[in-house]
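Please look through the model below from the whole chain down to one residue. The text takes the overall layout before the sheet.

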Amino acid sequence: MSHAIFRVARLHRLLAGQLLRRVGLHPGQELVMMQLWDLGPQRQTDLVRLLGSDAATMTRTVKRLENAGFVRRRPSEHDKRATIIEPTAASLALRKEVEKIWAELEDDTVAGLPAEEQDAMIRVLARIEDSLSEAVSRQVPPA
């Protein structure tokens, strides 16, 4: 089971990377952009929480997006320790294309699966996610 999940996840990420390359993004960056497009400017710490990331990964991702001209960082007006991440006009121009890419990724992912199998798969994956989340929460962090 674990090996099958690993293989599927690897191939899904590979295909996502190939599709996202069209618009100059890497897998995971589009998730940050989607949050910013949907919710507006966010504190970097909130993006970490929303996406289940870690601070170091989010810092690298935001830096790369900033270098590409897709986001802008600014200090928070309310908390000088916090950084606000906001989408740029250049990123807003990508939104429709990223949505098309996600639709294509979805179509390729479920190609040939009837709707009832897709629904069953979503339910099974949700149960696997719950099981794994529970197992992670039971782990004691190393001292």
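The paragraphs below go from the chain to its sheet and then to a single side chain.

This is a predicted model, in which local features need pLDDT of at least 70 and side-chain atom pairs count only at pLDDT 80 or more, while totals for chains, interfaces and linings use all residues. Residues are numbered from 1 along each chain as its sequence is written, and side-chain values use heavy atoms, with hydrogens and water left out.

The protein chain holds six helices and three strands; helices (H or I, at least four residues) and strands (E, at least two) are DSSP runs numbered from the N terminus. Read from the N terminus, the order of elements is α-α-β-α-α-β-β-α-α. Along the principal axes, the C-alpha atoms fill a box of roughly 50 × 45 × 20 Å. Of the 143 residues, 26% are buried, where buried means under 20% relative accessible area, with a 1.4 Å probe and protein chains only. The exposed area of the protein chain is about 10,100 Å², and carbon and sulfur atoms supply 57% of it; such areas come from the Shrake-Rupley method with a 1.4 Å probe. Taking contacts (heavy atoms within 4.5 Å) between residues at least 6 apart in sequence, 53% join residues at least 24 apart.

The three strands form an open sheet in the order E1-E3-E2, with antiparallel pairing. E1 and strand E2 (71-75) are the edge strands, since each pairs on one side only; two strands pair if DSSP finds at least two bridges between them. Strand E3 (residues 83-87) is joined to E2 by five bridges. At the two ends of E2 as numbered, Val71 stands opposite Pro87 in E3, and Pro75 has Thr83 as its bridge partner. E1 and E3 are joined by two bridges, and Arg43 is partnered with Ile84 in E3. Why is E3 described as largely enclosed by the rest of the structure? Four of the five residues of E3 are buried, so the strand is largely enclosed.

On the other side of that pairing, Gln42 belongs to strand E1 (residues 42-43). Is Gln42 buried or exposed? Gln42 counts as buried because its relative accessibility is 12%. A polar atom of the Gln42 side chain lies 3.4 Å from the backbone oxygen of Leu39. Beyond its neighbours within four places in sequence, Gln42 is in contact with Leu36, Leu47, Leu50, Thr83, Ile84 and Ile85.

Notes: Buried < 20%, exposed > 50% of the residue type's maximum accessible area, 1.4 Å probe, protein only. Polar contact = N/O pair within 3.5 Å; in protein donor to acceptor, adjacent residues only side chain to side chain.
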